[in-house]
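This briefing covers the overall make-up of one protein chain and then turns to a single helix packing. Please read it alongside the sequence and the coordinates.

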Amino acid sequence: MEALVTTRLVLHPLTPAEAEYVVEGRPGPDALWAPDYPNDGDRAGARHFLEHCADTGNPEPFGAYEIRLREDGHAIGGVGFHGVPDDQGQVTIGYGLIPAMRGKGYASEALRALLEFARAEGVASVKGDADLDNAASQHVMAAAGMRFVGEDDLLRHYRIDWTAGSAAERGDGAAATDGAAGSAPSPQVSARRPS
């Protein structure tokens, strides 16, 4: 699986071996980690990915991705899917950054790239949620083009759906936000190794 590259980021698909290092909180042989990476959320995401691998196999390309700065390769957080799309073509996402990297637009940029990738892979709908008091995370999902669809006692729920005639169905490589409900323009993303 190739990395997803945006203007400022590289979304590196984690292997199970790399996820084990994240869970343990110690870098692998070639890893570059920013201070405070991984945090509890990163370790929980890597643990969930490993559990999925153990239960049903590696969900690649619908697994976990490490968010790395394109300029220096340092890992600053994670983003990923909670498994393969269901029989309705729906998938759930999660993301997080170390505190020092929040508020710079990195989470929205990473999430837009993941949404664009999901759409290109034929996913019909992506869901996400945030704690009721986590306005920053709610803003990330809205900025990435997801729309608020409801809340319960604990969480605010967001999703994005793609209409018929999407880029994946047309095969023309159109931007992931064409025909997306509540979407905003996305940065240029390519599934290639960083330069």
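Reading from the N terminus, the elements of the protein chain follow the order β-β-α-α-β-β-β-α-β-α-β-β-α-β, which amounts to 5 helices and 9 strands. The model is predicted, and the points below describe the chain as a whole before they take up the contact of helix 1 with helix 2.

**Chain as a whole**

- Of the 195 residues in the protein chain, 45% are buried.
- Among the contacts in the protein chain with a separation of 6 or more, 61% are made by residues that lie 24 or more positions apart.
- The protein chain has an accessible surface of about 9500 Å², and carbon and sulfur atoms contribute 49% of that surface.

**Geometry of helix 1 and helix 2**

- Helix 1, spanning residues 16-24, and helix 2, spanning residues 40-56, have axes that come within 8 Å of each other and cross at roughly 140°. Because of that angle, helix 1 is oblique to helix 2, the limit for roughly antiparallel being over 145 degrees.
- The crossing in which helix 1 passes helix 2 is left-handed.

**Residues at the contact**

- Helix 1 contributes P16, A19, E20, V22 and V23, and these residues meet D42, R43, A46, R47, F49, L50 and C53 of helix 2.
- By residue class, the contact of helix 1 with helix 2 comprises 8 nonpolar and 4 charged residues, with no polar ones.

Terms used:
Residues numbered from 1 in each chain as written. Predicted model: local features only at pLDDT ≥ 70, side-chain atom pairs only at ≥ 80, totals over all residues. Heavy atoms only, no water. Axes fitted to C-alpha atoms, helices over the stretch in contact; angles between N-to-C directions. Helix = DSSP H or I, 4+ residues; strand = E, 2+ residues; numbered from the N terminus. Parallel < 35°, antiparallel > 145°, perpendicular 65-115°, else oblique. Left-handed = near helix turned anticlockwise from the far one by under 90°. Contact = heavy atoms within 4.5 Å. Nonpolar A, V, L, I, M, F, W, Y, C, P; charged D, E, K, R; others polar. Buried < 20%, exposed > 50% of the residue type's maximum accessible area, 1.4 Å probe, protein only. Areas by Shrake-Rupley, 256 points an atom, 1.4 Å probe, with all protein chains shown as cover.
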